[in-house]
Amino acid sequence: MKICLVMGTRPNFMKIASLIDPLSRTDINFFIVHTGQHYDKNMSSDIIKSLFPVEIDYLIKSNIEGEINQFSHIMVEFEKICDFEKPDIVVVPGDVNSTLACSLVASKKNIKIAHLEAGLRSFDRDMPEEINRILTDHLSDILFTTEKSAKINLFKEGIKKEKIIFVGNTMIDSLKKTIDKAIKNKFYEKYRLSSNNYCLLTIHRPSNVDDIDRLKKIIDMINTISKTIKVVFPIHPRTLNSIKLNNININDEIIDIEPLPYLEFLGLMAESKVVITDSGGIQEETTYLGIQCLTIRDNTERPITIEIGTNKLLGSDFEKVKKEVLEITKGKLKKGRIPKYWDGRAGERIVEFLKKHF
Ligand code: UD1
């Protein structure tokens, strides 16, 4: 059996990395394709270097203007790789454009598709990721899920139950492997911060950063929050573009920095008092770490982080976010639990399944 592992953006790398060790312990042939959707050093190669014990076999150069251009370029190049390597299974993680682009190619070429993190739904079709998730799930032959809501969503969409395999969260595998080293490094000292005494902010969703009014409101909110607690803000390229184009002013109190390497980001997150985010993965990572998380989105495809985790969904109620931060600084914390199978062994379960069934 030959497996092709696909990854294209920052949050994909941690998920695919979780499969490398378990696969290396078998006689399964595998190779890795990086679609190049994220190409900046700090969005890509720095993170890969810290996570992968093996070389990436193929890198598609896709630093191309225009979403559809990039999408079609990835498809054309990925087809060439498939023709040459002839994999039996293509493993695609998450919900980014690369996930769908490579699933479409695999499907046209009759190659089996295994989707990591299948079945998550925000029920918001304005999100590009929601379309990517639905289409990828419906093209897939094996759907590996992270939480119970996924199975229910997939059933409702008519996906056969034999295809759905609950394995847990591969992102937590990578987190567990890295977290001790991340904490030991005390990265917060680099920014003259003290442990458990600052807020970490990330925003990059088109709904928050391409809508200028909303972005201005978010930055206003953060400017105010920075008077109560120190704020560290690693800025995603999409967000930085928008901030620059629209001359939005970030308060001098805020520590605005480039996107961080994985190890450093994890370290900062684990030692923070509160995280404000619109990311999917960070909602999960804070739940695992027991860190307070305020999500500035109208919905989440990861409801378990709210039901049993430390996450709160606050939409665009920025007054509420300020109030919550204040309460958290006074010690009013949401208690959370770690969801089932978020135990560092999801990658092993996936490889075990593939070994048994193919
Ligand atoms: C993508 C994913 C999103 C994921 C996020 C994580 C899609 C539809 N969205 O959003 O689900 O949560 O990644 O970060 O796939 N850019 C750079 N440098 C880079 C990468 C991108 O400057 O290394 C620029 C691009 O040229 C583009 C913008 O940033 O102008 C956005 O990049 P894009 O890959 O479209 O999506 P993300 O917003 O990163």
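**Exercise 1.** How far is an N or O atom in the side chain of Arg238 from an oxygen atom of the ligand?

*Solution.* The model is predicted. Start at the side chain of Arg238. One of its N or O atoms is 2.7 Å from an oxygen atom of the ligand. Apply the cut-off: a polar contact needs N or O atoms within 3.5 Å. The Arg238 pair, at 2.7 Å, meets it.

**Exercise 2.** Find polar side-chain atoms of Glu129 and His236 that face ligand oxygen atoms, and give the distances.

*Solution.* Take Glu129: a polar atom of its side chain lies 2.8 Å from a ligand oxygen. Then take His236: here the distance from a polar side-chain atom to an oxygen of the ligand is 2.9 Å. Now add the cover. On its own the ligand has 740 Å² of accessible area, and the protein covers 84% of that.

**Exercise 3.** Describe the shell around the ligand by residue and by class.

*Solution.* Count first: 17 residues surround the ligand. Those that come nearest are Gln37, His38, Tyr39, Asp40 and Arg238. Then sort the shell: five residues are nonpolar, six polar and six charged.

**Exercise 4.** Place the ligand in the fold, by pocket, element and domain.

*Solution.* The ligand takes up the space of the largest pocket. Helix H1 (10-24), helix H5 (128-139) and helix H10 (237-245) each give two or more residues to the shell. Finish with the domains. Domain 1 (2-169 + 342-357) and domain 2 (177-329) both contribute shell residues, so the ligand lies between them.

Methods: Residues numbered from 1 in each chain as written. Predicted model: local features only at pLDDT ≥ 70, side-chain atom pairs only at ≥ 80, totals over all residues. Heavy atoms only, no water. Near = heavy atom within 4 Å. Polar contact = N/O pair within 3.5 Å; in protein donor to acceptor, adjacent residues only side chain to side chain. Areas by Shrake-Rupley, 256 points an atom, 1.4 Å probe, with all protein chains shown as cover. 1 Å grid on protein atoms, 1.4 Å probe; cavity = no way out; pocket = protein on both sides within 12 Å on 5 of 7 lines; lining within 4 Å. Sits in = over half its atoms within 2 Å of the grid points. Helix = DSSP H or I, 4+ residues; strand = E, 2+ residues; numbered from the N terminus. Nonpolar A, V, L, I, M, F, W, Y, C, P; charged D, E, K, R; others polar. Domains from an automatic or database assignment.
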